[in-house]
Amino acid sequence: MSNNTFLTRSKGNIKSLKKAGTYKQYKHLDTPMDAHSKMCEAADGAGGDVIVMSSNNYLGLANHPKVINAAEKALHKYGAGTASVRFICGTMTIHEELERKIAEFHSQPAALTYSSCWSANTGLFAVICQPGDVLISDSLNHASIIDGCRLVNKNVIRTVYRHSDMEHLEKVLKEHKDAPVRFIVTDGVFSMEGDIANLPALVELAEKYDAVLIVDDSHGVGVMGKNGRGTAEHFGLEDKIDILTSTLGKSLGGAAGGYVAADKDVIDMLIQASRPHIFSNSISPATAGSGIAALEVIKEEPHRVKSLHSKVAFFRKELKNIGYNPLDGESAIIPIIVGETAFAIKISEKMLEKGIYVTGFGFPVVPEGAARIRVQISDALEMEDLQKALDVFAEVGREVGLIKGAA
Ligand SMILES: Cc1ncc(COP(=O)(O)O)c(C=O)c1O
């Protein structure tokens with residue numbers, strides 16, 4: 001490195017993070033993502049077999065034999081990848097098949113895949129919003145939505161409403177009632193809070209003020225609704241969402257990849273102009289294959305969703321019984337607010353020492369002072385895994401003074 005100022009600054013930044021106890025360190029898994037995974041041993045002895053409660057593998061499909069076989073078959077049939085972007089020579093029949101199946105799953109006319117939902121969200125708004133339009137976003141929307149909103153034309157009015165505050169949203173909609181188009185964008189399930197968007201109220205407001213409703217349901221797909229079709233299904237509002245974005249990187253096999261599902265013309269506009277789609281490679285055939293298989297498994301094995309719901313309800317209830325106060329919600333994300341970032345990291349480290357892999361989240365992912373342990377339930381977890389996790393939560397909670405009772 002030739003620039004000494006830059007070198008010294010980088011070293012200093014890392015040192016400050018370490019000093020503040022907010023430095024993130026990867027944990028290395030040496031087996032597939034599942035209820036149990038083998039973590040490479042760390043110097044402090046943490047690791048070995050761990051119960052994973054910090055993955056988005058909500059339905060346990062990341063290591064499902066049908067998902068793996070489908071990826072393998074696609075790999076052999078189509079090779080490693082397209083070596084191209086979609087509109088040049090990067091579209092294979094398996095991409096079209098996946099998009100057809102995604103659209104069908106969400107009862108939308110069409111769908112388009114991206115290399116991630118991050119890409120989908122950052123490629124959407126700049127295409128659909130035009131000068132004079134208003135783009136209204138929930139204050140706790142995912143970072144990819146926030147960044148996507150930042151990419152719109154400078155004459156698009158961007159505004160934020162307080163988290164799930166429908167009165168505030170209505171006020172903003174009223175203020176902009178004369179704009180050519182109003183867009184409302186929300187997470188279906190909020191990733192750090194685990195709460196669900198008030199879709200019935202959002203739909204009502206969208207209809208009243210003639211607004212386009214966009215939902216990112218990355219944490220809702222596979223989890224919410226009787227058939228795992230997401231937050232819209234949970235509320236019986238599948239036909240009321242104008243544009244849906246989501247990921248293949250969580251419930252739907254967990255490989256990678258994201259998508260937008262919407263009206264055919266909207267999808268066509270994205271094909272013409274969405275920059276992450278036009279200038280970035282297609283998802284790999286293996287990923288497309290695993291996504292198709294995951295959608296099929298969800299359809300063929302709806303009991304997985306039901307079983308996930310009962311495990312989530314059990315874990316929430318029992319956490320409260322041992323003295324924790326998790327944020328309320330119905331999704332598979334159960335956050336426990338603990339305060340400072342360093343404290344959240346310390347708790348997650350103590351949990352890991354006892355074989356439970358949960359992640360502590362702090363600033364800047366969540367507001368300062370609202371650091372949390374985010375528990376994520378997967379249907380892959382057996383009841384005995386959940387019970388073991390509860391025992392460890394009780395032990396560690398007492399040790400660090402989060403819950404009452406002798407340590
Ligand atoms: C709500 C939400 N949207 C989008 C994403 C990005 O998904 P992907 O991993 O496919 O980029 C995430 C990932 O954490 C998310 O939680």
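## Strands E10, E13 and E12

In this predicted model, strand E10 (333-339) and strand E13 (residues 371-376) run antiparallel and are joined by 6 bridges. Within this pairing, Ile 337 stands opposite Arg 372 in E13. The two strands belong to an open sheet of 3 strands, whose order is E10-E13-E12 and whose pairing is antiparallel. E10 and strand E12 (359-361) are the edge strands of this sheet, since each of them pairs on one side only. From one strand to the next, the twist averages 30 degrees.

A helix also lies against these strands: helix H14 (residues 341-353) packs on the sheet, where it touches E10, E12 and E13, and its direction makes about 35 degrees with that of E13.

## Strands E1, E2 and E11

A further open sheet of 3 strands has the order E1-E2-E11, and its pairing is mixed. The edge strands here are strand E1 (36-39) and strand E11 (356-357), each of which pairs on one side only.

The mixed character of the pairing can be followed strand by strand. E1 and strand E2 (residues 48-52) pair in the antiparallel sense over 4 bridges, and Gly 48 in E2 is the bridge partner of Met 39. E2 and E11, by contrast, run parallel and are joined by 2 bridges; there, Val 52 has Tyr 357 in E11 as its bridge partner.

## Two domains and their contact

The protein chain is divided into domain 1, which is made of two stretches (21-52 + 302-399), and domain 2 (65-300). The C-alpha centres of domain 1 and domain 2 lie 27 Å apart, and the contact between them involves 16 residues of domain 1 and 14 residues of domain 2.

On the side of domain 1 that touches domain 2, the elements that give two or more residues are helix H13 (303-321) and strand E10. E10, already described as an edge strand of its sheet, gives the most to this side of domain 1, with 3 residues. By class, the residues on the side of domain 1 that touches domain 2 divide into 12 nonpolar, 2 polar and 2 charged.

## The surroundings of the ligand

The ligand is surrounded by 14 residues, of which the closest are Ser 116, Cys 117, Trp 118, His 142 and Thr 247. Helix H5 (residues 117-128) supplies the largest share of this shell, namely 3 residues. What is the make-up of the shell around the ligand in nonpolar, polar and charged residues? The residues of the shell divide into 2 nonpolar, 10 polar and 2 charged.

## Helix H5 against helix H10

Helix H5, which contributes to the shell around the ligand, also meets another helix. Two packed helices are described by the angle between their axes and the distance between the axes. The axes of H5 and helix H10 (residues 264-273) come within 10 Å and cross at roughly 105 degrees, and H5 and H10 are therefore roughly perpendicular to each other.

Which residues make the contact between H5 and H10? From H5 they are Gly 123, Val 127 and Ile 128, while from H10 they are Val 266, Met 269, Leu 270 and Ala 273. Sorted by class, the contact of H5 with H10 has 6 nonpolar residues, 1 polar residue and no charged residues.

Conventions. Residues are numbered from 1 along each chain as its sequence is written. This is a predicted model: local features need pLDDT of at least 70, side-chain atom pairs count only at pLDDT 80 or more; totals for chains, interfaces and linings use all residues. A residue is near a molecule or strand if its C-beta atom, placed from the backbone, lies within 6 Å of it. Ala, Val, Leu, Ile, Met, Phe, Trp, Tyr, Cys and Pro count as nonpolar, Asp, Glu, Lys and Arg as charged, and the others, Gly among them, as polar. Axes are lines fitted to C-alpha atoms, for helices over the stretch in contact, and angles run from 0 to 180 degrees between N-to-C directions. Angles under 35 degrees count as roughly parallel, over 145 as roughly antiparallel, 65 to 115 as roughly perpendicular and the rest as oblique. Two residues are in contact if their C-beta atoms, placed from the backbone, lie within 7 Å. Two strands pair if DSSP finds at least two bridges between them. Domain bounds come from an automatic or database domain assignment.
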